[in-house]
Amino acid sequence: MAVIKVSNLKKVFSSKRKSAGLQGSLRSLIRPEYQLVDAVNDISFEMESGELLGFIGPNGAGKSTTIKILTGILFPSSGDAEVLGYVPWKQRQKLAFHIGTVFGQRPQLWYHLPAIDTFYLFGKIYELEDREVRKRIGFLAEAFEIQEFLETPVRKLSLGQRMRCEVAASFLHSPKLLLLDEPSIGLDVVAKQRIRDTVRQMNELEGVGVLLTSHDAGDIEALCSNVIIINHGKIAYRDKVSNLKRHYLTSKLVEVRYAEQVPAGFHIAGTDTLKVGHYGVKLKFDTLQTPVESVIAELAKSGSLVDVTISDPSLEEVIRVIYGEAAA
Amino acid sequence: MKKYWAIFKIQLLNRMAYAGDLIIQSLTIILFMWIFMQLWKTTYHSTSQDTLNGLTLHDTMWYLMMAETIMLSKPRLSRTIAATVKDGSIAYLLNKPYHFILYQLSIGVGDLAARTLFNLLSGSIIVWILVGPPPDPRGWPLVIVAFMLGWLIDFCLNTLIGLAAFASEEIAAFEWIYSKFLLLLGGVLIPLDFLPPFLRSVSMALPFAYTVYGPARLFVDPTLERFAGLVSMQLIWLLTLGLFTLFVFNKASSRLAINGG
């Protein structure tokens, strides 16, 4: 059963334009000029119950705008959408009882109070029984491993701890659908992984559907089964994550720093050397042809390693490749 | 209603997390009352009369204490609402199952309760020392009702100013004009009894007098007759402004454009 149905959704924003300087300001005062921006441009998709759907794209692609339309905060310019059988912008408050939201850049926990106070407040806001709330907090505290700092004022928590509390809070009312907007922004690798693991665990335990937006391809790779790539307000790609990985996330970028100078004529078979410095090298390779372990082993043989960073191709790069294929 | 009560309580807790800050803020009223005392003592002395326009120095000082408490305890809701519109965070307040206006109201009452408590305490202590005990305590329950109704009128006006950010982005000018109206026509600076008759009738025809002057004047003259007259005018203004605020909010939220994506 589809929990989200979107067809031909459009959102056009009108934003004021002003040329530089005092003259520009005066001109815009007398004759304001507006520019129309297609934030979401005729997109259609469906999401099934219990699905883990990744919604990715670069900054300004229209991801957040789509999520805001789906939560009922924004009215679309045209098109239809249904979330759990509700038309979001017409039945926003009814829908709010059944969905959970986390916006990585906008905390929902009360900053000066311990997270547990916000949990109890949410219990009241979602009209839950006190007994039920206590039980649920106990369960979530364990699942998200937040017992230790549940009673510490939020302002004193690390970003990773705070985000775990944020995501746990959004599960308090047992939503059927969770909308996560950039939940891992600014987090370190370990904190990111913890959030991903718990979200996946909650999906398996409670069957909650997850729509995740991110500009980090790693989030989608680790968490989602299906993916939509959105760019300039349009859907550029819709497929299984496994296919995306097979086709586009096959290359890795490695940056290495050595304790001694890099040997002359440095090269590792099966990789492209992008840059060689005095103490560091940067190379790229295809994981389908050259396994990660062998590259690392070869790198270690070339000298005493001080630092190694392995990263995925940027989403922009993936999108460039997808568009390149479409154009070809 | 339980959820709004819970929101009120959490905001009160949130404010109380910095009780020291509230106490220091409330010291402002002590300075104000001392300055007012010097001014009004001289005024009464120069006229050689005990009563001016029906108010003794004792009445005037307790009136001003109440008026200043109302003014200084008001949370800056218009600024808060406008900030949520400007930085786009309004979106994150709208995705929970409550009414945005009632949510802001609960937050506002939470703020108001914390500030009023400290301002009232500091203000009362200094004025008691300066002019003697406060007016008849039997009138205080009436004053609490009028105080709350007055605050609700102020809440509507503040919300309207805050929502103006949807159209104009910047609301500092509206805020400035409103605060000056309150100072002069609302009775914050001077009891309206001292204004010329024409200006006084203009003031009484506007809502500002019912947020500050009405409750403060009732505090020093707590008669049932004054209470009935005041509360009926407050209810008329509250109904008018309340409905208008809801209308504006519904219009504004349907054309909401979130800043910051």
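In chain B, 81% of the contacts with a separation of 6 or more are between residues 24 or more positions apart. I should state at once that this is a predicted model.

Let me stay with chain B and its overall dimensions. Its C-alpha atoms fill a box of roughly 65 × 40 × 30 Å along the principal axes. For 261 residues, a compact globule would have a radius of gyration near 18 Å, and chain B, with 19 Å, therefore agrees with that expectation. Of those 261 residues, 40% count as buried.

Turning to secondary structure, chain B contains twelve helices and two strands. Along the sequence, the pattern reads α-α-β-β-α-α-α-α-α-α-α-α-α-α. In other words, two helices come before the two strands, and helices follow them to the end of the pattern.

I now come to the interior. The largest nonpolar core has 137 residues, and those touching the most other members are A:Val83, B:Tyr63, B:Ala67 and B:Val212. Residues of both chain A and chain B thus appear in that list. Helix α7 of chain B, residues 140-163, provides the largest share of this core, with 13 residues.

Which residues does B:Tyr63 contact, once its neighbours within four places in sequence are left aside? They are B:Leu55, B:Pro191, B:Ala216, B:Arg217, B:Phe219 and B:Val220. A second core, separate from the one just described, has eight residues, including A:Val256, A:Ile268, A:Val281 and A:Val295.

The domain division of chain A is relevant here. Domain 1 of chain A covers 2-10 + 41-247, and domain 2 covers 251-311. The four residues I named from the second core carry numbers that fall in domain 2 of chain A. Taken over C-alpha atoms, the centres of domain 1 and domain 2 of chain A are separated by 37 Å.

Finally, the interface between the chains. On the side of chain B, 21 residues are in contact with 25 residues of chain A. Two elements of chain B each give two or more residues to this side, namely α1 (2-16) and α5 (90-93). Of these, α1(B) supplies seven residues, the largest share. What is the chemical character of the chain B residues that touch chain A? They comprise 13 nonpolar, five polar and three charged residues.

Definitions and conventions:
Residues numbered from 1 in each chain as written. Chains lettered and ligands numbered in written order. Predicted model: local features only at pLDDT ≥ 70, side-chain atom pairs only at ≥ 80, totals over all residues. Contact = placed C-beta atoms within 7 Å. Helix = DSSP H or I, 4+ residues; strand = E, 2+ residues; numbered from the N terminus. Nonpolar A, V, L, I, M, F, W, Y, C, P; charged D, E, K, R; others polar. Rg over C-alpha atoms; globule rule 2.2 N^0.38 Å. Buried ≥ 20, exposed ≤ 12 C-beta atoms within 10 Å, placed from the backbone. Domains from an automatic or database assignment. Core = buried A, V, L, I, M, F, W, Y, C linked by C-beta atoms within 7 Å.
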